[in-house]
Amino acid sequence: MVPTEPDTTPAPEARPTPGSRSRLDLAREVLDLEADAIRGLATRLDATFGAAVDELIATTGMVVVTGMGKAGLVGAKISATLASTGTPSLSLHPAEAVHGDLGRIRPQDLVLALSNSGETGELKALIPAIRRIGARIVSIVGDAGSTLARHSDVVLDIGKPPEACPLGLAPTTTTSAMLALGDALAMVVQRERGFSREDFARYHPAGSLGRRLMRVHEVMRAGEELPLIAAGTPLRQALVAMSQTKGRPGAGLVVDPGGLLVGIFTDGDL
């Protein structure tokens with residue numbers, strides 16, 4: 001008999017023991033912390049928020065939103081919201097900016113900078129360049145005494161809400177607060193600009209939202225696409241008109257000698 005080789009496979013490492021809280025308990029705690037942080041912003045709002053709104057409305061150029069890491073991703077969403085609600089905006093990665101993309105910033109632009117610490121190296125490196133260009137800076141920070149805040153024209157302070165991460169490290173509560181404050185800023189500016197449903201439809205032509213905002217004349221048939229059938233036309237000719245009309249609508253509009261609609265005939269009726 002061939003001797004059996006000893007099993008040298010290393011034993012699997014022990015998995016960390018879960019905390020006493022259930023998954024649902026932890027999830028609820030995360031949601032509660034983030035909700036508390038957003039509610040807390042309402043009590044922190046003061047005249048500074050109005051000053052930030054004035055800065056955005058007065059800007060004749062673009063609102064350039066920038067931030068590093070998770071704050072940058074939140075900034076991209078804020079930029080998209082601004083752009084879709086009447087405020088021209090673009091998102092700028094701060095690391096790419098110092099490698100040539102600073103050309104996206106012009107003197108008439110406004111820079112909206114996001115950083116919880118206000119000490120993010122990539123953003124601090126941008127400040128002198130932005131000032132040389134001549135653009136103004138509005139910042140959303142968690143430390144009103146930080147470098148970014150000190151060099152900003154307007155500072156929106158989200159405070160220091162505890163992160164919902166079990167380790168207290170991953171940006172969670174702070175990014176939620178930034179996003180909510182950015183939404184509040186965009187919505188107030190939208191109203192101040194008198195941005196209408198018609199304006200909104202202009203920027204949202206696609207998807208279910210676009211269809212809800214479309215006008216009848218944008219979807220109605222006209223000209224060669226309109227299957228008109230004179231009252232009294234034999235059925236065979238009506239079917240030809242329905243099938244040979246551009247787009248094959250599967251229906252025909254029955255009109256009187258004066259061109260007024262007197263009925264609609266569809267393939268379902270047939």
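**Exercise 1. Place helix α7 against the sheet.**
Task: State which strands α7 lies across and how α7 runs relative to β3.

Solution.
Step 1. In this predicted model, α7 lies across β3, β4 (136-141) and β5.
Step 2. The helix runs at about 155 degrees to β3.
Step 3. Angles over 145 degrees count as roughly antiparallel, so that cut-off gives the term for this pair.

**Exercise 2. Lay out the sheet.**
Task: Give the strand order, the sense of pairing and the edge strands of the open sheet.

Solution.
Step 1. The sheet is open and has 5 strands.
Step 2. Read across, the order is β2-β1-β3-β4-β5.
Step 3. The pairing is parallel.
Step 4. β2 (89-92) and β5 (154-157) are the edge strands, each with pairing on one side only.
Step 5. From one strand to the next, the twist averages 20 degrees.

**Exercise 3. Follow strand β1.**
Task: Find how β1 pairs with β3 and with β2, then decide whether its residues are buried or exposed.

Solution.
Step 1. Start with the β3 side. β1 (residues 63-67) and β3 (residues 110-115) are parallel and share 5 bridges.
Step 2. One bridge links V64 to V111 in β3.
Step 3. Turn to the β2 side. β1 and β2 are also parallel, over 4 bridges.
Step 4. Here V65 stands opposite S91 of β2.
Step 5. Check burial. In β1, 5 of 5 residues are buried, so the strand is mostly covered under the cut-off of 20% relative accessible area.
Step 6. Split β1 by face. V63, V65 and G67 are buried on one side. V64 and T66 are buried on the other.

**Exercise 4. Describe the surroundings of S91.**
Task: Locate S91, classify its exposure and list its contacts beyond four places in sequence.

Solution.
Step 1. S91 sits in strand β2.
Step 2. Its relative accessible area is 38%, so S91 is partly exposed. That class lies between the cut-offs of 20% and 50%.
Step 3. Leaving out residues up to four places away in sequence, S91 touches V65, A76 and S79.
Step 4. Add a C-alpha distance. S91 and G72 are 19 residues apart along the chain, and their C-alpha atoms are 8.3 Å apart.

**Exercise 5. Analyse the packing of α3 on α7.**
Task: Give the geometry of the α3 and α7 pair, then its contact residues.

Solution.
Step 1. The axes of α3 (residues 70-84) and α7 come within 10 Å and cross at roughly 15 degrees.
Step 2. α3 is therefore roughly parallel to α7. The cut-off for that term is under 35 degrees.
Step 3. The crossing is right-handed.
Step 4. From α3, the contact takes K70, A71, V74, K77, I78, T81 and L82. From α7, it takes T175, M178, L179, G182, D183, A186 and M187.
Step 5. Sort by class: 8 nonpolar, 3 polar and 3 charged residues form the contact of α3 with α7.

**Exercise 6. Analyse the packing of α2 on α7.**
Task: Work through the α2 and α7 pair in the same way, from angle to residue classes.

Solution.
Step 1. α2 (residues 47-58) packs on α7 (residues 173-193) at about 60 degrees, with the axes 10 Å apart.
Step 2. The two helices are therefore oblique to each other.
Step 3. The crossing of α2 and α7 is right-handed.
Step 4. α2 offers F49, A52, V53, L56 and I57. They meet L181, A184, L185, V188, V189, E192 and R193 of α7.
Step 5. By class, the contact of α2 with α7 holds 10 nonpolar, no polar and 2 charged residues.

Note on methods. Residues numbered from 1 in each chain as written. Predicted model: local features only at pLDDT ≥ 70, side-chain atom pairs only at ≥ 80, totals over all residues. Heavy atoms only, no water. Axes fitted to C-alpha atoms, helices over the stretch in contact; angles between N-to-C directions. Parallel < 35°, antiparallel > 145°, perpendicular 65-115°, else oblique. Left-handed = near helix turned anticlockwise from the far one by under 90°. Contact = heavy atoms within 4.5 Å. Nonpolar A, V, L, I, M, F, W, Y, C, P; charged D, E, K, R; others polar. Pairing = 2+ DSSP bridges. Buried < 20%, exposed > 50% of the residue type's maximum accessible area, 1.4 Å probe, protein only.
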